[in-house]
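Visitor: Can you pull up the model and walk me through it? I'll throw questions at you as we go.

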Amino acid sequence: MPKPIVVVGSVNLDLVCTAERIPVPGETVSGTNFQTFPGGKGANQAVAVARLGYPVSMVAKVGDDEFGNGLRNGLQEAGVDVRKVATAKRTASGVALISLDRKGQNSITVVPGANGKLLPRDLEKALPLLRSAGMILAQLEVPIETVEYLSAAAHRLQVPLMLDPAPARQLPGKLLRQVAYLTPNESETCTLCNLNGRELNAATVAEFAQHLQSMGATNVIIKMGKDGAYVVGVNGLRKMVPAFKVKAVDSTAAGDAFNGGLAVALMRGKSLDEAARFGAAVAALSVTRMGAQPAMPTAREVASLLKRHEKVLLRGA
């Protein structure tokens with residue numbers, strides 16, 4: 001039995017409104033569709049791992065409102081071990097208000113709710129589970145003191161920690177030095193680097209990634225959407241991993257899909273650049289469907305995409 005991936009993070013209900021474009025401040029636009037989906041960056045990553053057929057457990061909190069049980073049950077139905085998903089008393093579940101335009105781009109407002117009640121003492125109770133993990137995944141939709149406690153615990157237990165630093169914020173150097181895999185997107189990279197408003201693009205991404213590595217993270221993978229992901233490894237790896245070209249309808253959980261795929265591939269013994277390519281395939285499939293957790297692909301679907309792409313490359317050779 002392989003060591004499980006343990007995800008520590010958020011569980012939300014996503015309220016998704018689709019419109020021709022995302023309104024600017026002070027503007028009202030007419031929407032074309034409204035749907036609700038289970039979400040939260042932590043839960044999304046856990047479901048991504050489960051759909052890929054890898055054992056995964058989650059440490060989280062939901063509210064004692066009408067959403068809480070449904071969110072927990074949804075995780076369990078997807079194949080996630082939810083024994084450490086607790087209920088926060090007299091607290092609403094976390095929600096995310098998501099606006100989508102016709103190209104699948106999004107704007108998101110997150111209300112933490114019960115996620116804000118996931119505290120270090122909850123992780124103390126989950127230490128046996130954390131100790132058993134092959135890898136721990138975390139994000140920043142729970143209190144920062146909880147993430148700091150987790151990073152210290154993972155370091156002490158010698159379990160690699162993958163941190164998705166979202167929502168964007170600056171982080172203590174001690175925390176970064178305890179991160180095995182740091183996976184920011186473009187805006188999060190700019191916030192972490194604090195490089196006087198300089199633009200992150202294909203020409204500067206290598207410099208930004210190396211700067212993050214110099215801040216302490218062992219390996220850095222910068223997610224750049226349709227442009228792919230730039231990987232800096234502890235072994236000297238420096239590589240841009242291209243994205244897969246697909247028709248996007250909802251990019252909400254693309255980064256979470258990437259992290260889930262990256263973690264599964266690493267746990268299955270793939271090299272960092274191979275794992276990033278696998279993560280890119282998982283992310284590509286996820287943006288072709290509406291919703292966060294419902295969009296996560298199976299291992300068979302990912303293998304099919306990779307195989308089709310290899311055939312295209314061979315025909316072009």
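Visitor: What follows α1, and what is its phi like?

Guide: Gly 53 comes after α1, and its phi is positive, near 85 degrees. Helices here are DSSP runs of H or I with at least four residues, strands are runs of E with at least two, and both are numbered from the N terminus. Before we go on: this is a predicted model, where local features need pLDDT of at least 70 and side-chain atom pairs count only at pLDDT 80 or more, while totals for chains, interfaces and linings use all residues. Residues are numbered from 1 along each chain as its sequence is written, and side-chain values use heavy atoms, with hydrogens and water left out.

Visitor: How many residues of α1 are buried?

Guide: 10 of the 11 in residues 41-51, so helix α1 is largely enclosed by the rest of the structure. Buried means under 20% relative accessible area, exposed means over 50%, and partly exposed is in between, with a 1.4 Å probe and protein chains only. Among the buried ones are Lys 41, Asn 44 and Gln 45, along with Val 47 and Val 49.

Visitor: What covers the buried residues of α1?

Guide: The cover includes strands β1 (5-8), β3 (31-39), β4 (56-63) and β8 (135-138), plus helices α2 (68-78) and α9 (254-267). Contact here means heavy atoms within 4.5 Å.

Visitor: And Lys 41, which salt-bridge network is it linked in?

Guide: Lys 41 shares a network with Asp 164, Lys 223 and Asp 256. A salt bridge needs a side-chain nitrogen of Lys or Arg within 4 Å of a carboxyl oxygen of Asp or Glu.

Visitor: How many salt bridges does that rule give?

Guide: The count comes to 10. One of them joins Arg 289 and Glu 301, with the closest N and O atoms 2.9 Å apart. Arg 289 sits in the loop between α10 and α11 (299-316) and Glu 301 in helix α11, so the pair ties together parts that are 12 residues apart in sequence. Arg 289 is partly exposed at 25%, and Glu 301 is partly exposed at 30%.

Visitor: How far apart are the N and O atoms for Lys 226 and Asp 227?

Guide: Their salt bridge is 3.8 Å, N to O. Lys 226 is exposed at 74% relative accessible area, whereas Asp 227 is partly exposed at 43%.

Visitor: OK, sheets. What's the strand order in the open one?

Guide: It has 9 strands, in the order β5-β4-β1-β8-β9-β10-β11-β12-β13, with mixed pairing. The edges are β5 (81-88) and β13 (238-241), each pairing on one side only. To count as paired, two strands need at least two DSSP bridges between them.

Visitor: How do β11 and β12 run?

Guide: Antiparallel, with 4 bridges joining β11 (residues 219-223) to β12 (residues 229-232). Ile 222 stands opposite Tyr 230 in β12.

Visitor: Which helix lies across β11 and β12?

Guide: That's α10 (residues 272-286), which also lies across β10 (181-182) and β13, running at about 15 degrees to β13. Axes are lines fitted to C-alpha atoms, for helices over the stretch in contact, and angles run from 0 to 180 degrees between N-to-C directions.

Visitor: Back to β11. Is Asn 219 buried or exposed?

Guide: Buried, with a relative accessible area of 7%. The Asn 219 side chain reaches the backbone nitrogen of Val 234 at 2.9 Å. Leaving out residues up to four places away in sequence, Asn 219 touches several residues, including Tyr 181, Val 232 and Leu 272.

Visitor: Now β6. Which strands does β6 pair with, and in what sense?

Guide: β6 pairs with β2 (residues 12-19) in the parallel sense over 7 bridges, and with β7 (residues 106-111) in the antiparallel sense over 6. β6 and β7 form a hairpin with 5 residues between them, and Gly 104 in the turn has a positive phi of about 90 degrees. Strand β6 (residues 94-100) is mostly covered, with 5 of its 7 residues buried.

Visitor: Last one: how many disulfides?

Guide: A search of the whole structure finds 0, a disulfide being a pair of cysteine sulfur atoms within 2.5 Å. For Cys 190, the nearest cysteine sulfur is that of Cys 193, 7.2 Å away. Cys 190 is partly exposed at 28% relative accessibility.

Definitions and conventions. A polar contact is a pair of N or O atoms within 3.5 Å; within protein, one must be able to donate a hydrogen and the other to accept it, and residues adjacent in sequence count only if both atoms are side-chain atoms.
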